[in-house]
Every structure is written in structure tokens, then in C-alpha cells.
Amino acid sequence: MTQLLPLTEDQVAIRDTARAFADEHVRPFAAQWDRDSHFEPTLIKKLGDLGFLGMLLPTEYDGLGLDAQSYLFALEEIAKADASVAVMMSVHNSLPTQMLKTFGSEAQKQRFLKPMARGELLGAFALSEPDAGSDASAIRAQATRDGDDWILEGTKAWVTSGTHAGVIIAMVRTDTPEARRKSKGISAFILTPDLPGFRVSKKEDKMGLRASPTVQLVFDRMRVPGDRLLGEEGQGFIYAMNSLEHGRLGIAAQAIGIAQAALDAAVDYANERQQFGTPIAEFQGIQFKLADMATRIAAARALLHGVAATKDRGAALGAACSMAKLFASETAMWVTTQAVQVFGGYGYVKEYPVEKYFRDAKVTEIYEGTSEVQRIVIGRAVSAGM
Ligand code: CAA
């Protein structure tokens, strides 16, 4: 139903490239990766060779220089095949690379951004901590100056791709415990796993997105050179919030991909499955479900691409990004629930794909800001006259 949106020839080409890639390199393996909680590391190079790890970066930094809509169409295609691969792509393209592009020095861009665009270094984003999730400015990881270096101490949680990341943008306090400055006391650092004192610790055993490794990172008196500070000291929270706007559009596309895959599976099944002597697709109860699923997906996609098109024209839109993410993720959860219902008992077993879509959909209502956090952002903007 993407044809409801007026795609340019270039956008169609990118979407079709992503679809072909997903058909060959992702979909056939997704169920097994899910069963084994296996992250497939060769995908980093394959996606990098295609340019899909530098989709939004300018060509001077080895990116594809695409518009947000093309990127989101591609992401939806990958998510249809496997939401785990999509989140790796979304986090990399939306968070660490955007932060480096927007706030990094020229030297930092040459050193980190270019190899990230080529897929030689995978990116991760470390904001949350075990005791600081929705209240992101309550983080406690601490950086203290030591000559030209910084010494970092603390634990980051829920870090997507943390096991394989070559570059992690981490938000860490640079104020002092005696003079806390809430969001103004947080700075962003460019970390690499070779830094002494860096350790990947607990890997989460998750309900869904099982092929995407989510880990804690421990900074144990980790020495970080001064030139790894990203942008200005004390601006890390603002940078993180800014990049999460991009991130939330990516998660919306991921959610739409999951929902579309669930609808496609439900349609195929409803046409095949015979009960009472007829395919169940003939029953109005099923048809109405399919109609509502398709309508909600089309609405989520139209909202997302309306926001993305406005962003491509350079308008600032924090709350609209939250709207797109909120609506798409709740659509994904609702649609995948209906898909399980259409499949009946077969929807509840691992022999069919819809139980995976249902499990994968849930996290889109949680990460990169829960639905409640999106409502806070939207509510504040609306009450301020958005
Ligand atoms: N762009 C730029 N600046 C922003 C901003 C944005 N989008 N949002 C807020 N700010 C600025 C504010 O203007 C404010 O600056 P001033 O003090 O100068 O006015 C400052 O940041 C503090 O903002 P708030 O007072 O609004 O902060 P808050 O403490 O009330 O928190 C919140 C607001 C929306 C709840 C925020 O904490 C939030 O988004 N929480 C959720 C965090 C989140 O999404 N975490 C996901 C982590 S990533 C992940 O999920 C894992 C993964 O890898 C996929």
C-alpha cells in the first residue's frame, strides 16, 4: 500500500533494493536467528557495501546522502523481513551517525563517521542506565577530568548492538556530585571498545528482537582521551534528545514494517485456511479485521512520511516525530494482535511467523521513549500551542 504515497523514482529504487536485499539475506534466516538469539555479524558488511549504514550521511563522508523518506522506506522493507536487523540499521543511521554528523568536529568525522558510513564500524547509543530510563537526565555515569583525559565510571543499559559496536556515543555526567545540573550536566563522548576499562557485560534475554543483542556496558575507571568529547561539554542531553527525533522516525518505520508483515501473513492465511467449507477470508468477521489492519497501517505510514517529508524540507518537528512513533508502534501492537487472532491456534505456535511479529512489535512501544514519554512530548507541545 506504499503506492498511496507519491514515491519518486529514486525512492522506488531504494525501496526495491532494500526489498531484494531482505529477500536474499534476511527473511530466509530470520526465524532461526530468533530461535538462537543470533546476531549475524556479516550483515554489517553487507549493509555497509549497499550504503545502508550511511543512508542519511552526505557523500563527502561516504554516505548515500538520501532524504529521510527513502531511508524510512528502506527500513520498513528490512523490518518486514526481520525487525532485529532493522533496529541495528535504525540505531546506527539515526543516533550515533546523526550525532557525529551534526555535532562532531571535522577530525572526528574523518576518523569515525566515514568508516561508520561504509559499514566498517557499527554504531551504538548509550543513554539509559539501570535506574534511568524515561527520566533520562537522571543518569549517574560520571566523567572526571584527569589532565587532558577523562576517567569514566558507570553502567549503561539497554544498548542495542552493544556487543558488536565499534563506536558508541555515550551520555555521561560531567558536572560534579556537589553541583548537579540535571540535563545541563551531561556530555556526549565517542567511545570505542579498545579503551582500557570498557567492558560489555549482561546480555538481555528478551521477549522479542532476539537477534539484536541488547547489553549493558560497564565503564570501569575507563580512560578516555580529551578529543573524544563530542561537541560542547554540558550539551550531551540536548544532543541525545535531538538525535532521538531521528531515531523515533526509524522506530516508526520499523513498527510499520512489522505490522505490514503481520497483515501480509494474515491475508495469505485467511485465503488458504478453510473452515465451515470456505476460506476464512470469506467471513465478514475476518474481512473487517483485515480492513482495519490495512487502514491503520496506511494511516501510520502516511503520518510517518508526512513528518519525514517536512523534516526533509528542514522544519524542526520534535513532537511530530513522537506522534509518528507513538501511532506506528501502537498500530504494530494492535495489528500483530489481530494477526495472531486470524491465525487462531496456529498464531500461538512458532511454526508460523505471527507470534514473532507480536513479540517484536511490543518493544516499539517501549524503546527510544515509551508511549507514555511520547505522550509527554506531544502533550507539552500541544498545550504550548503546537
Ligand atoms: N531537541 C533539543 N533539545 C531538547 C529536546 C529536543 N528534542 N527535548 C528536550 N530538549 C531540551 C529542553 O529544551 C531542555 O533544555 P532547556 O533546559 O535549555 O530548556 C532540556 O533538553 C531538558 O528537557 P526537559 O526539561 O524536557 O527534560 P525532562 O527531564 O523533562 O525529560 C523527556 C523529557 C521527554 C521525558 C526525556 O527525558 C525523554 O525523552 N526520555 C526518554 C528517553 C529515551 O527515549 N530513551 C531511549 C534510549 S535509546 C534506546 O531506547 C535504546 C536503543 O538503542 C534503541
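Here are four worked exercises on the ligand site, the empty spaces and two backbone angles of this predicted model.

**Exercise 1. Describe the shell around the ligand: how many residues surround the ligand, and which are the closest?**

Step 1. Start with the count: the ligand is surrounded by 24 residues. For this step, a residue belongs to the shell if one of its heavy atoms lies within 4 Å of the ligand.

Step 2. Pick out the closest ones, which are Lys-184, Glu-245, Arg-248, Glu-368 and Arg-380.

Step 3. Sort the shell by class. You should find 11 nonpolar, 8 polar and 5 charged residues.

Step 4. Now trace the shell back to secondary structure. Strand E3 (149-160), helix H7 (236-272) and helix H11 (371-383) each contribute at least two residues. The largest share belongs to H7, with 7 residues.

Step 5. Finish with the domains: domain 2 (123-233) and domain 3 (238-383) each give at least three residues to the shell.

**Exercise 2. Find polar contacts of the ligand with Arg-248, Glu-368 and Gly-369, and say what share of the ligand's area the protein buries.**

Step 1. Set the cut-off: a pair of N or O atoms counts when the two are within 3.5 Å.

Step 2. Look at the side chain of Arg-248, where an N or O atom is 2.8 Å from an oxygen atom of the ligand.

Step 3. Turn to the backbone. Glu-368 places a backbone N or O atom 2.7 Å from a ligand oxygen, and for Gly-369 the corresponding backbone distance is 3.0 Å.

Step 4. Work out the burial: the ligand taken alone exposes 1,100 Å², and 71% of that is buried by the protein.

**Exercise 3. Characterise the largest cavity and the second largest pocket by volume, lining and class.**

A friendly reminder before you begin: rolling a probe the size of a water molecule over the atoms reveals where empty space remains.

Step 1. Count the cavities. The structure has 1 cavity of 30 Å³ or more, and the largest cavity holds about 40 Å³ of space.

Step 2. List its lining: Trp-33, His-38, Phe-39, Glu-40, Leu-43, Ser-84, Val-85, Met-88 and Ala-211. Helix H4 (residues 83-94) provides the largest share of this lining, 3 residues.

Step 3. Classify the cavity lining, which splits into 6 nonpolar, 2 polar and 1 charged.

Step 4. Move on to the second largest pocket, with about 320 Å³ of space. Its lining has 17 residues, and those nearest the centre are Ala-30, Ala-31, Pro-353, Lys-356 and Tyr-357.

Step 5. Classify the pocket lining: 7 nonpolar, no polar and 10 charged residues.

Step 6. Assign the pocket lining to elements. Helix H1 (9-36), helix H3 (68-81), H7 and helix H10 (354-362) supply at least two residues each, and H1 gives the most, with 5 residues. By domain, at least three residues come from each of domain 1 (9-117) and domain 3 (238-383).

**Exercise 4. Is the phi of Ser-37 positive or negative, and is that of Asp-62 positive or negative?**

Step 1. Recall the background: most residues other than glycine have a negative phi.

Step 2. Check Ser-37. Its phi is near 50°, a positive value in a residue other than glycine. Ser-37 sits in the loop between H1 and helix H2 (42-50).

Step 3. Check Asp-62. Here phi is near 65°, again a positive value in a residue other than glycine. Asp-62 is found in the loop between H2 and H3.

Terms used: Residues numbered from 1 in each chain as written. Predicted model: local features only at pLDDT ≥ 70, side-chain atom pairs only at ≥ 80, totals over all residues. Heavy atoms only, no water. Polar contact = N/O pair within 3.5 Å; in protein donor to acceptor, adjacent residues only side chain to side chain. Areas by Shrake-Rupley, 256 points an atom, 1.4 Å probe, with all protein chains shown as cover. Helix = DSSP H or I, 4+ residues; strand = E, 2+ residues; numbered from the N terminus. Nonpolar A, V, L, I, M, F, W, Y, C, P; charged D, E, K, R; others polar. Domains from an automatic or database assignment. 1 Å grid on protein atoms, 1.4 Å probe; cavity = no way out; pocket = protein on both sides within 12 Å on 5 of 7 lines; lining within 4 Å. Points joined across faces, edges and corners; volume = space filled by probe spheres on them.
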